[in-house]
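The exercises below are to be worked with the sequence and the coordinates open side by side. Each task is followed by a solution that proceeds step by step.

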Amino acid sequence: MPVAAPPVGAAAGAPADYPRAVKRGMFGVRGSGDTSGFGGLVRRTPSLADTPRPFGGYFDEVHDALEEAYPGFADAVEKVIVDRGELTLHVKADRIAEVCQVMRDDEALRFELCSSVSGVDYLGSDERRFHIAYHLTSMTYRRRVRVEVAVADGVAVPSVTGVYPTADWQERETYDMFGVVFTGHPGLTRILMPDDWEGHPQRKDYPLGGVPVEYKGAEIPPPDQRRVYQ
């Protein structure tokens, strides 16, 4: 089973080490790292607290159905957020497989499809640095919900492949990009990067564009060393 390890070549003092209430650029980074072209963009960091009831729409029905069907609801669900018309259930990492099992099997929920598993790195702004988001879809009731867990660097997350087989490749991608290990996964290996690649490229302390990339004998330099055409 692979073990999460700090990325090789990560630079101390990377832009993401300095969280601010206001972020500039597309990704909140400075210098040559932001190649999006949105360097002048100014964004405030959202502060998300528990959303008060009623949530609106079908969100209350989903919340109440899960609470009724899952005896460990009060201990497993840390908070419920409704933002931009989307429902997110923040769940303790060790309970994620149990919650997904209930979300899939309960007649009042019937979230049969896990359409996506993805990661986010909140380096410097959350002690539980890595957030894993599971996007669930109920084809029976035509509903969507996001279930999210948060873990510190080096803490493993139970695999949900036993509940949602579609999570197989998605958990591999999250492991490949962020280094989060999913215990119980049938074959947790890299899926995008070569097997001998060092580090996990979507970690925020991974050097953006600073890794020499060779392709058919040519080397792609970091963004700040590339020729600019105007």
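**Exercise 1.** Locate Gln 202 among the secondary-structure elements, decide whether Gln 202 counts as buried, partly exposed or exposed, and list the residues that Gln 202 touches beyond four places in sequence.

*Solution.* In this predicted model, Gln 202 is found in the loop that runs between strand 9 and strand 10. The next step is the relative accessibility of Gln 202, which is 44%; since buried means under 20% and exposed means over 50%, Gln 202 therefore counts as partly exposed. Leaving aside residues up to four places away in sequence, Gln 202 touches Asp 121, Met 177 and Phe 178. A distance completes the picture: the C-alpha atoms of Gln 202 and Gly 179 are separated by 9.1 Å, although these residues lie 23 residues apart along the chain.

**Exercise 2.** Place Arg 203 in the chain, classify its burial, and find the backbone oxygen that its side chain reaches.

*Solution.* Arg 203 lies in the loop between strand 9, residues 182–183, and strand 10, residues 213–215. Its relative accessible area is 1%, so Arg 203 is buried. The side chain of Arg 203 reaches the backbone oxygen of Phe 178 at 2.8 Å, and Phe 178 is also among the residues touched by Gln 202.

**Exercise 3.** Determine in which sense strand 3 and strand 4 pair, and identify the residue with a positive phi in their hairpin.

*Solution.* Strand 3, residues 77–83, pairs with strand 4, residues 86–91, in the antiparallel sense over 6 bridges. To follow the register, take Lys 79, which stands opposite His 90 in strand 4. The hairpin has 2 residues between the strands, and there Arg 84 takes a positive phi near 55°.

**Exercise 4.** Name the buried residues of helix 1 and the elements against which they pack.

*Solution.* Within helix 1, residues 59–69, the buried residues are Phe 59, Asp 60, Val 62, His 63, Ala 65 and Leu 66. An α-helix has 3.6 residues a turn, so residues three or four places apart point the same way. The buried residues of helix 1 pack against helix 2 (73–76), strand 3, strand 4, helix 3 (96–105) and strand 7 (143–151).

**Exercise 5.** Describe the protein chain as a whole by its helices and strands, its buried share and its accessible surface.

*Solution.* The protein chain contains 4 helices and 11 strands, and 37% of its 230 residues count as buried. Its accessible surface comes to about 13200 Å², of which carbon and sulfur atoms hold 53%.

How values were computed: Residues numbered from 1 in each chain as written. Predicted model: local features only at pLDDT ≥ 70, side-chain atom pairs only at ≥ 80, totals over all residues. Heavy atoms only, no water. Buried < 20%, exposed > 50% of the residue type's maximum accessible area, 1.4 Å probe, protein only. Polar contact = N/O pair within 3.5 Å; in protein donor to acceptor, adjacent residues only side chain to side chain. Areas by Shrake-Rupley, 256 points an atom, 1.4 Å probe, with all protein chains shown as cover. Contact = heavy atoms within 4.5 Å. Pairing = 2+ DSSP bridges.
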